[in-house]
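This briefing introduces a structure to a reader who has not met it before. Please view the sequence and the model together before turning to the points that follow.

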Number of protein chains: 2
Amino acid sequence: MKKRIKEKAMNNFELKNPTKIIFGKDTIKKLSTEIPEKAKVLLLYGGGSIKKNGIYEQVKTALSNVEVVEFGGIPANPEYAILMDALQIIKEQDITFLLAVGGGSVIDGTKFLSSAALYKGDTPWDILTSNTPTKKGMPFGTVLTLPATGSEMNSGAVITRKETKEKLAMGGVGLFPVFSILDPLVIQSIPKRQLVNGITDAFTHVLEQYMTYPSGAYLQDRFAESILQTLIQIAPKVIEDPTNYTEASNFMWCCTMALNGLIQKGVPTDWAVHAIGHELTALYGIDHARTLAIIAPSHYTYNFEAKKEKLAQYAERVWNITEGTIEEKAHIAIEKTETFFNELGIDTKLSKYTNNYKGTAELISKRFTERGWLGLGEHKNLAPNDVEKIVTMAY
Amino acid sequence: MKKRIKEKAMNNFELKNPTKIIFGKDTIKKLSTEIPEKAKVLLLYGGGSIKKNGIYEQVKTALSNVEVVEFGGIPANPEYAILMDALQIIKEQDITFLLAVGGGSVIDGTKFLSSAALYKGDTPWDILTSNTPTKKGMPFGTVLTLPATGSEMNSGAVITRKETKEKLAMGGVGLFPVFSILDPLVIQSIPKRQLVNGITDAFTHVLEQYMTYPSGAYLQDRFAESILQTLIQIAPKVIEDPTNYTEASNFMWCCTMALNGLIQKGVPTDWAVHAIGHELTALYGIDHARTLAIIAPSHYTYNFEAKKEKLAQYAERVWNITEGTIEEKAHIAIEKTETFFNELGIDTKLSKYTNNYKGTAELISKRFTERGWLGLGEHKNLAPNDVEKIVTMAY
């Protein structure tokens, strides 16, 4: 009895997610009632696509009663140096509320600013290197323009520093958005490449929290499988016709639910695919989602013994593979996953993205060693040496 | 295109659930850090079972640093007159924080007190009859001792008034618990009858939010099915051995997720089974969960045409019925549901509970007419006349 409990009991957990989600058609106008009266707002956005697709105009109309300063140009993989310029504006102009209008990069950048705005230490870069959770940040809301990362309903962020080619994570209870507006109509004007990235990102988020070992968390498993099944169902339709509201709305809600904390509660999580993938983005500028699709199949193959029970469960419940041994089902599950990415148009080998891939495995392994990242994965037993082998398999 | 959107697009929704869930083994002691310092606490509980199973002692130990007044004796179906005694204590003793230690009845009663403590109107009964949402209540936390109603993570409550045999609902954003402690170890000492009621209650909660018509909310459907599948999986094991932590923890988490708002977002909901079931409790004192099991099969049979697509989907995905027409699958789904309740030991006919059942249908129909409840169900088209037929079918 004791043994069984030890092996597969749900972990203790805490769950508190105070973000208010406003979901649906034509909801951007609701901004007007969500921003605090008398706020001085810094409106943050990315490369300017919101000025072409009508979102900027909707936002500005909704904000007509508050004072707004703008800061555009936050790039994919939000860049520290650029964010420091925004931080200066926050301080100089006495900004009291941040509004991110964009995808995960703009929202993550805004989370960094939320933390940095109230940070008392020497340099805000320490927020990223010190691993200290942010208890209180400047309040911020989001208008999501690109479903993918789930950043709109969680308290984490990833920030890039170009000069050192580093990509580091931060977070804390103070970094949940006060509100997030999710209007699936924005999906109509998203380029196919980014739709595909969004689907892949959300899919891999679920896998990171699910593809470990059986842990007795039956409901969490089924919720994770629900998101995977729904993403598989909607993926081809959203890509073919992003104006299909039913498919688009499910896509958007899947992305949020994939990383708002719910499915990770009480279960072991992996996140090695992200840890390794971030390096590929930092080194070669490969789209985040694509780095995940490159690493995931190799990671699951390399760690087959540790993950085969969950791989087989995934094969059965998500891909309807009812025949074969656990091992056979598990192998098919990896193949199905890789095929799913490929059919979305995503290459799953590093050599398709760069000719300079040789030496990448050793380089990433060395970086992990230097940072002291000595135990990755759900068992915290993957050494830099293992990472080297996984990356090599992904060449 | 327009037609399709109209028929099956996800509804717009808002989601904000600020309750902090503390879930797991030996978590009751965490009370000590969740109650505000310098609070004056009214500890509310039910019939006293917590004094036999050790929970009372754990709570008192955790509360040793704050001032605590006690109020026990809140009955199943929390009774207005008794709660009014507690309200007097809150006012006389300058209570600042309420702590519910119990199941749905104690928590619902505490929600009424949270609202009534700050209510400015003539008589607190008006909170129930006026249908005005409570925007702000006295803060309260809960220690859940009986998984069933989901009240620990939502903002609704149902209160009974004995003298008028009425059972009325209330709620509002001000009535989310500040925190809820869910320790699955409490399940070990729950009598079988109440375990069975809890499973049935949670199962029916999901059905009320799911068994309507296809609405294009693919992810919400799959989440609902996940809870149903998990409840079916754990039910016999929890009843056989409530000390099995894995089964107990999944049972507890299912009950919370069944009614914390998540699965109802964006979808049509029914709730006719509850509306009718409450009358059976008010009239005959039948356990809440059992009234749902009495009404649900008749309700689904009576409204077969309107619900057959979802019944068939439920048959396929939850009960693995892969053969047959939509109608055939849908009929099997109703049978499977009734059998599930029966195998838990729950009778699904009113005549098994009372000899005085004749005239019940007419009486309930009359009450609904008097209250102006003229349109029940997801299409708001069930008249008192239909209710009369449904109840008659359940004799």
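At what angle do helix α12 (residues 288–302) of chain B and helix α16 (residues 384–393) of chain B pack? In this predicted model, the two helices pack at an angle of about 125°, and their axes are 8 Å apart. The points below treat this pair, then the nonpolar core, and then the relation between the chains.

**Helix packing in chain B**

- The angle of about 125° between the helices makes α12(B) oblique to α16(B), because angles from 65 to 115 degrees count as roughly perpendicular and those over 145 as roughly antiparallel.
- The crossing in which α12(B) passes α16(B) is right-handed.
- On the α12(B) side, the residues that meet α16(B) are B:I295, B:S298, B:H299, B:T301 and B:Y302.
- Their counterparts in α16(B) are B:D386, B:K389, B:I390, B:V391 and B:M393.

**Nonpolar core**

- The largest nonpolar core contains 266 residues.
- Within this core, A:L31, A:L99, B:L31 and B:L99 have the most contacts.
- Apart from neighbours within four places in sequence, B:L31 is in contact with B:V59, B:A62, B:L63, B:L99, B:V143, B:F179 and B:I181.

**Relation between the chains**

- A turn of 180° with a shift of 0.0 Å along the axis lays chain B on chain A, with an RMSD of 0.0 Å.
- The two copies are therefore related as by a two-fold rotation axis.
- The same surface serves both copies, since 100% of the contact residues of chain B recur in chain A.
- Among the residues of chain B, B:P18 comes closest to the rotation axis, with its C-alpha at 2.3 Å.

Technical notes:
Residues are numbered from 1 along each chain as its sequence is written. Chains are lettered from A and ligands numbered from 1 in the order in which they are written. This is a predicted model: local features need pLDDT of at least 70, side-chain atom pairs count only at pLDDT 80 or more; totals for chains, interfaces and linings use all residues. Side-chain values use heavy atoms; hydrogens and water are left out. Copies are superposed by least squares on the C-alpha atoms of residues with pLDDT of at least 70 in both. Contact means heavy atoms within 4.5 Å. A nonpolar core is a set of buried Ala, Val, Leu, Ile, Met, Phe, Trp, Tyr and Cys residues joined through side-chain atoms within 4.5 Å. Buried means under 20% relative accessible area, exposed over 50%, partly exposed in between (1.4 Å probe, protein chains only). Axes are lines fitted to C-alpha atoms, for helices over the stretch in contact, and angles run from 0 to 180 degrees between N-to-C directions. Helices (H or I, at least four residues) and strands (E, at least two) are DSSP runs, numbered from the N terminus. Angles under 35 degrees count as roughly parallel, over 145 as roughly antiparallel, 65 to 115 as roughly perpendicular and the rest as oblique. A crossing is left-handed if the near helix is turned anticlockwise from the far one by less than a right angle, and right-handed if clockwise.
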